[in-house]
Amino acid sequence: MLLRPHQWVKNVFVLIVPLAVDAPALWDHIGKALATVVAFIAASCSVYVLNDWLDRDQDRLHPVKRHRPLADGRIGPFGALLLGAGCLAVAAASAVPLPAPVRFTVAGYLALNLAYCLVLKHYPLVDVSVVAVGFVLRAVAGCLAVRAPFSPTLIICVYCACLLLSLGKRRHELATVTLRGQAAGQRPALAGYSLPLLDQLVAVLLATTLISYELFILSATHPHAAVLAVVTVPFAVFALSRYMQLLSVHRSGGEPGRDVLTDAPLLINAVLWLASLAVGRLT
C-alpha cells in the first residue's frame with residue numbers, strides 16, 4: 001500500500017523511550033503519548049506518499065518497487081497528492097492538543113524528511129543518517145509529550161541501532177544487485193557504498209549500540225542496575241548477532257521492521273529480554 005502500514009511499527013519509539021526512562025509519566029499522560037504516535041504515523045505516511053510520487057518513474061525500473069501503487073499505476077499522481085495532503089491534515093490535527101515542543105518536533109521531522117525526499121537521499125551516509133535521526137525525533141517527541149526526562153545514553157543507543165538497521169538495508173540492496181551500475185540507477189546513493197565499507201560500518205555500530213545500551217542500564221538509579229546490566233547483556237548480544245546472521249547468511253535486511261517482527265528467534269529473545277527487565281525493575 002502507498003501508506004505502508006507495515007512501517008507504522010517504527011513509531012513505537014514514541015512510547016518505548018519514555019517507558020524505559022519513566023514508566024509512570026507515560027501512563028499518567030498516555031493520551032498525549034498516543035496522540036503523538038498518531039501524529040508521527042500520519043506525518044510518516046505523507047512522507048511515503050511524497051517519496052513515491054517523486055520516484056514513481058525510477059521505481060518502475062526496480063524489481064520490487066515497481067509494484068508500488070504509484071509505479072504500477074493503481075493510484076494516479078493527483079490522487080496520491082490528495083492522499084498525502086490528507087495525511088498532513090491528520091498529523092496537524094493530532095498535534096494540536098500536544099505541547100508546543102512536541103509540535104515543533106513533528107514539524108522538524110516533516111522538514112527533515114522533505115529535504116530527504118528532495119535532496120538528501122541521494123548522498124551516501126547522509127541518507128542513512130537522516131533516517132536514524134527520524135527515529136531520534138520520535139523518541140524525543142515521546143519524552144516531551146509525557147514530560148519524561150531525557151537519557152542521553154538511551155538516545156545514543158536509539159540512534160546507533162537505527163543507523164545500523166539503515167546500513168543493513170543498504171547492504172541488502174547492494175548485495176542483491178549484480179551490477180553496480182544497476183544499483184546506482186535504482187538508488188543513486190548506492191554508488192557511494194561498497195559491501196566491505198558497509199560491513200565495517202555495521203561492525204562499528206554493533207559495538208556502539210551494545211555499549212550505549214549497557215551505559216544506559218548502568219546509569220539508572222535502580223539499586224540493581226549493575227545486576228540488570230549483566231543479566232540482560234546476553235539478550236542484547238543475541239539480538240545484534242541474530243540480526244547480523246539474517247543480514248549476512250540469510251540475505252535478509254531489506255525490510256528491517258518486518259524482519260524483526262517475523263523472525264521467531266528475535267521475538268522469543270525480545271520477550272525474555274523484556275521479562276528480565278520487568279522482573280529486575282520490580283525487585
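## Helix packing in a predicted model

The axes of helices α7 (residues 126-146) and α8 (residues 152-175) come within 8 Å and cross at roughly 145°, where an axis is a line fitted to C-alpha atoms, for helices over the stretch in contact, and angles run from 0 to 180 degrees between N-to-C directions. Helices here are DSSP runs (H or I, at least four residues), numbered from the N terminus. This is a predicted model, in which local features need pLDDT of at least 70 and side-chain atom pairs count only at pLDDT 80 or more, while totals for chains, interfaces and linings use all residues. Residues are numbered from 1 along each chain as its sequence is written, and side-chain values use heavy atoms, with hydrogens and water left out.

The crossing of α7 and α8 is right-handed, a term used if the near helix is turned clockwise from the far one by less than a right angle. On the α7 side the contact (heavy atoms within 4.5 Å) includes Val128, Val131, Phe135 and Val136, and on the α8 side the residues met include Ile155, Tyr159, Leu163 and Arg170. The residues of this contact divide into 14 nonpolar, two polar and two charged; Ala, Val, Leu, Ile, Met, Phe, Trp, Tyr, Cys and Pro count as nonpolar, Asp, Glu, Lys and Arg as charged, and the others, Gly among them, as polar.

A second pair is formed by α3 (residues 30-54) and α6 (residues 100-118), whose axes come within 10 Å and cross at roughly 15°. The two helices are therefore roughly parallel to each other, a description kept for angles under 35 degrees. Helix α3 passes α6 in a right-handed crossing. The contact is made by residues including Phe40, Val47 and Leu50 of α3 and Val106, Tyr109 and Leu118 of α6, and the residues of this contact divide into 13 nonpolar, six polar and no charged. The C-alpha atoms of Leu118 and Leu50, which are 68 residues apart along the chain, are separated by 9.3 Å.

Which residues of helix α1 (residues 13-21) are buried? They are Val14, Val17 and Pro18, where buried means under 20% relative accessible area, exposed over 50% and partly exposed in between, with a 1.4 Å probe and protein chains only. These residues cover an arc of only 95° around the axis, which puts them on the same side of α1; the arc is that of the directions from the helix axis to the C-beta atoms. An α-helix has 3.6 residues a turn, so residues three or four places apart point the same way. The buried residues of α1 pack against α2 (23-28), α3, α7 and α8.

The table sets out the accessibility of four single residues.

| Residue | Place | Relative accessibility | Class |
|---|---|---|---|
| Leu118 | helix α6 | 49% | partly exposed |
| Glu173 | helix α8 | 12% | buried |
| Leu125 | loop between α6 and α7 | 42% | partly exposed |
| Arg147 | loop between α7 and α8 | 65% | exposed |

Not counting residues up to four places away in sequence, Glu173 touches Arg187 and Leu190. The two loop residues can be described by their backbone: phi of Leu125 is near 75°, a positive value in a residue other than glycine, and phi of Arg147, also a residue other than glycine, has a positive value near 60°.

Methods: Angles under 35 degrees count as roughly parallel, over 145 as roughly antiparallel, 65 to 115 as roughly perpendicular and the rest as oblique.
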